[in-house]
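Trainee: I should be grateful for a close look at one part of this model, the end of its last strand and the residues around that end. Please describe the setting as well, and say how far the prediction may be relied upon there.

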Amino acid sequence: MKLSLKPAVAALVLASPSLAFAAEFVIDSAHSAAQFSVKHMMVSNVRGAFSKVTGSANIDEKDITKSTVEAVIDATTVNTNEPKRDEHLRSADFFDVAKYPTITFKSTKVEQAGQGLKVSGNLTLHGVTKPVVLDVEGFTSEAKDPWGNTKRGGTATTKINRKDFGLGWNSVLETGGVAVGEEVAITLDLELNKKQAPAATPAAPAAKPAAPAKK
């Protein structure tokens, strides 16, 4: 999922005490992933993942419901540990990555739900946008890594019907049922880096007064 803070919003955060608790984080792609699970031949689950997730989150500590999140998943990175199946998933039968190389999520509402959150938003997959609700555990408290980066993390889960997004390919089994289930379980494991405020630009030295003209 890509969370961004526009320059005008950033200025408002600095100017308004009520927004002083908001902080921007970016998704650490090296430590984040999007996984999915779908029923195969009505008897078992096949699991896969997308290895590249980017985006950002604006987390408001004073009022978490004012937080926002946006993420982008690179659909071309799908991996189920079976090259032929992955090639099929990238084809026009499924994700059609030549036309739709990314999957995106953009939040529209954040609600407290017990110890976690419910994050509503728009999921765009295969060129189709539908509302979904993510159940989120986290975001964790801030922690420092050995290189001085401020970290937070969270796990989000949801379920979708792939046919709602135009992913309708299937094969009927001789014994009844279908090869691929319609319901897809999705899990996002996200690690976030706090965006550092830009360093202040040093003030330019004062201009020296001009020397008096010689008479």
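Mentor: A residue is called buried when its relative accessible area is under 20%, exposed when that area is over 50%, and partly exposed in between. Lys194 has a relative accessible area of 29% and therefore counts as partly exposed. The model under discussion is a predicted one.

Lys194 belongs to strand β12, which covers residues 180–194. The side chain of Lys194 forms a polar contact of 3.4 Å with the side chain of Glu142. Glu142 also appears among the residues that Lys194 contacts beyond four places in sequence, together with Ala23, Glu24, Phe25 and Thr150. A further relation links distant parts of the sequence: Lys194 and Asn58 are 136 residues apart along the chain, while their C-alpha atoms are 9.6 Å apart in space.

Asn193 lies in strand β12 as well. Its relative accessible area is 17%, so Asn193 is buried. A polar contact of 2.7 Å connects the side chain of Asn193 to the side chain of Lys151. With neighbours within four places in sequence left aside, Asn193 is in contact with Glu24, Phe25, Val26 and Asp28, and also with Asn149, Thr150 and Lys151. Glu24, Phe25 and Thr150 are thus contacted by Asn193 and by Lys194.

The surroundings continue into strand β11, residues 150–161, where Arg152 is found. Arg152 is buried because its relative accessible area is 9%. The side chain of Arg152 is joined to that of Glu61 by a polar contact of 2.4 Å. Among the residues that Arg152 touches beyond four places in sequence are Leu190, Glu191 and Leu192, and strand β12 spans residues 180–194. Phe25 and Glu142 are also touched by Arg152, and both of these are contacts of Lys194. Arg152 touches Phe139 too; these two residues are 13 apart along the chain, with 6.2 Å between their C-alpha atoms.

Glu61, the polar partner of Arg152, directly follows the end of strand β4, which covers residues 53–60 and contains Asp60. Asp60 is buried but has no salt bridge, and Lys66, the nearest side chain of opposite charge, is 5.5 Å away. The side chain of Asp60 does have backbone partners: the backbone nitrogen of Lys62 is reached at 3.0 Å, and the backbone nitrogen of Asp63 lies 3.1 Å from a polar side-chain atom of Asp60.

As for the wider setting, the chain contains two helices and twelve strands, in the order α-β-β-β-β-β-β-α-β-β-β-β-β-β. Of its 215 residues, 37% count as buried. The chain exposes about 13100 Å², of which carbon and sulfur atoms supply 57%.

Regarding confidence, the mean pLDDT of the chain is 81, and 74% of the residues score at least 70. Among the elements, strand β5 (residues 68–74) has the highest mean pLDDT, 96, and helix α1 (residues 7–15) the lowest, 38. Over residues 1–20 the pLDDT is below 50, although this stretch has 36 contacts in the model beyond near neighbours in sequence.

Key: Residues are numbered from 1 along each chain as its sequence is written. This is a predicted model: local features need pLDDT of at least 70, side-chain atom pairs count only at pLDDT 80 or more; totals for chains, interfaces and linings use all residues. Side-chain values use heavy atoms; hydrogens and water are left out. Helices (H or I, at least four residues) and strands (E, at least two) are DSSP runs, numbered from the N terminus. Buried means under 20% relative accessible area, exposed over 50%, partly exposed in between (1.4 Å probe, protein chains only). Accessible areas come from the Shrake-Rupley method with a 1.4 Å probe; for residues, only the protein chains shown count as cover. A polar contact is a pair of N or O atoms within 3.5 Å; within protein, one must be able to donate a hydrogen and the other to accept it, and residues adjacent in sequence count only if both atoms are side-chain atoms. Contact means heavy atoms within 4.5 Å. pLDDT is the predictor's confidence in each residue, from 0 to 100. Lys and Arg count as positive and Asp and Glu as negative; His and the chain ends are not counted. A salt bridge is a side-chain nitrogen of Lys or Arg within 4 Å of a carboxyl oxygen of Asp or Glu.
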